[in-house]
Amino acid sequence: MDVVAPLALFYGLRWLGVNQFLALLAGAAIPAVEAVHGVVTRRRIGGVQLFMLGTMALTVAMSFVTGSPRMLLIRNGWGMAALGVWMLLTLLSRRPFLYEAARVVLDEPKQRDWELSWDRHPPFRRLLWICSAFWGIACLLDAGLRVVMAMTMPIDQVPALDDALLAVTLAVILLFQRFYGRSYLRRNGLRRDGVQISSVSAGEPAR
């Protein structure tokens with residue numbers, strides 16, 4: 001809803017002859033409307049919704065002041081930058097981003113396995129710190145590229161390129177995490193089975 005729908009609406013409106021500013025504004029309004037709906041139905045506002053509504057209001061205001069639709073295009077860059085900074089800030093906490101993110105999506109038995117792996121294996125803890133840092137840096141680089149594209153490339157091309165960049169960024173992060181993670185665990189005599197981390201027994205190949 002937050003990725004495909006705004007893109008389809010933007011290009012649909014451009015095909016109908018709507019100007020770039022209004023087409024971008026309509027596409028950007030979809031995530032904002034969804035955030036407002038979530039606030040109304042749940043009767044509470046979270047940090048993500050508050051940040052998205054704030055950036056939406058700021059970009060619209062700046063776009064009206066400058067008269068340039070390019071200001072609307074950098075909204076996603078701000079979002080990725082904020083996400084990257086938050087991920088890096090979790091490195092200063094007791095547990096990094098990836099540890100907490102995994103716990104959100106795991107069921108209760110797997111959460112216990114995840115917590116045990118964290119408690120028992122220092123190399124696994126270091127790996128989660130390293131990968132969390134990589135996520136944060138990748139998001140900041142992604143944000144910088146989005147701003148450059150928004151300010152220099154033809155406006156009609158940028159929304160599609162934004163989504164393509166998101167796919168590339170996620171692919172790079174996940175490939176790094178998969179292959180570097182396997183290699184790192186193997187070098188430290190560990191193997192992964194689902195969310196369980198265990199020591200490699202003598203004579204048993206690491207996976």
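Residue I197 lies in strand β2, which spans residues 196-199. The model described here is a predicted one. I197 has a relative accessible area of 8%, and because buried means under 20%, I197 counts as buried. Leaving aside residues up to four places away in sequence, the residues that I197 touches are S117, H121, F124, L185, L190, R191 and R192. I197 can also be paired with L116: 81 residues separate the two in sequence, while their C-alpha atoms are 8.6 Å apart in space.

The strand just described belongs to a protein chain with nine helices and two strands. Along the sequence the order is α-α-α-α-α-α-α-α-α-β-β, with the helices preceding the strands. The protein chain has 207 residues, and buried residues make up 35% of them. Of the contacts in the protein chain with a separation of 6 or more, 60% are accounted for by residues 24 or more positions apart.

One of the residues touched by I197, L185, is in helix α9 and is buried there. Helix α9 covers residues 158-187, 30 residues in number. From its first C-alpha to its last, α9 reaches 42 Å, close to the 44 Å expected at 1.5 Å a residue. The buried residues of α9 are V158, P159, D162, L165, T169, I173, G181, Y184 and L185. Just after α9 comes G189, which takes a positive phi of about 70°.

D162, a residue of helix α9, deserves a separate look. The relative accessible area of D162 is 4%, so D162 is buried. Not counting residues up to four places away in sequence, D162 touches L73, N76, R146 and M149.

Next come the helix pairs. Two packed helices are described by the angle between their axes and the distance between the axes. For helix α1 (residues 4-15) and α9, the axes come within 10 Å and cross at roughly 160°. Angles over 145 degrees count as roughly antiparallel, and α1 and α9 are therefore roughly antiparallel to each other. The crossing in which α1 passes α9 is left-handed. On the α1 side the contact involves L7, F10 and Y11, and on the α9 side P159, A160 and D163. By class, this contact of α1 with α9 has five nonpolar residues, no polar ones and one charged. P159 takes part in this contact and is also among the buried residues of α9.

The second pair is helix α5 (residues 75-89) with helix α8 (residues 122-152), which pack at an angle of about 160° with their axes 8 Å apart. That angle makes α5 roughly antiparallel to α8. Here too the crossing is left-handed, with α5 passing α8. From α5, the contact draws on N76, G77, M80, A81, L83, G84, V85, M87 and L88. These meet S132, A133, W135, G136, I137, C139, L140, D142, A143 and R146 in α8. The residues of this contact of α5 with α8 divide into 12 nonpolar, five polar and two charged.

The two descriptions can be joined through D162. N76 in α5 and R146 in α8 both belong to the contact between those helices, and D162 touches N76 and R146. D162 itself lies in α9, the helix that α1 passes in a left-handed crossing.

Technical notes: Residues numbered from 1 in each chain as written. Predicted model: local features only at pLDDT ≥ 70, side-chain atom pairs only at ≥ 80, totals over all residues. Heavy atoms only, no water. Axes fitted to C-alpha atoms, helices over the stretch in contact; angles between N-to-C directions. Helix = DSSP H or I, 4+ residues; strand = E, 2+ residues; numbered from the N terminus. Parallel < 35°, antiparallel > 145°, perpendicular 65-115°, else oblique. Left-handed = near helix turned anticlockwise from the far one by under 90°. Contact = heavy atoms within 4.5 Å. Nonpolar A, V, L, I, M, F, W, Y, C, P; charged D, E, K, R; others polar. Expected span 1.5 Å × (residues − 1). Buried < 20%, exposed > 50% of the residue type's maximum accessible area, 1.4 Å probe, protein only.
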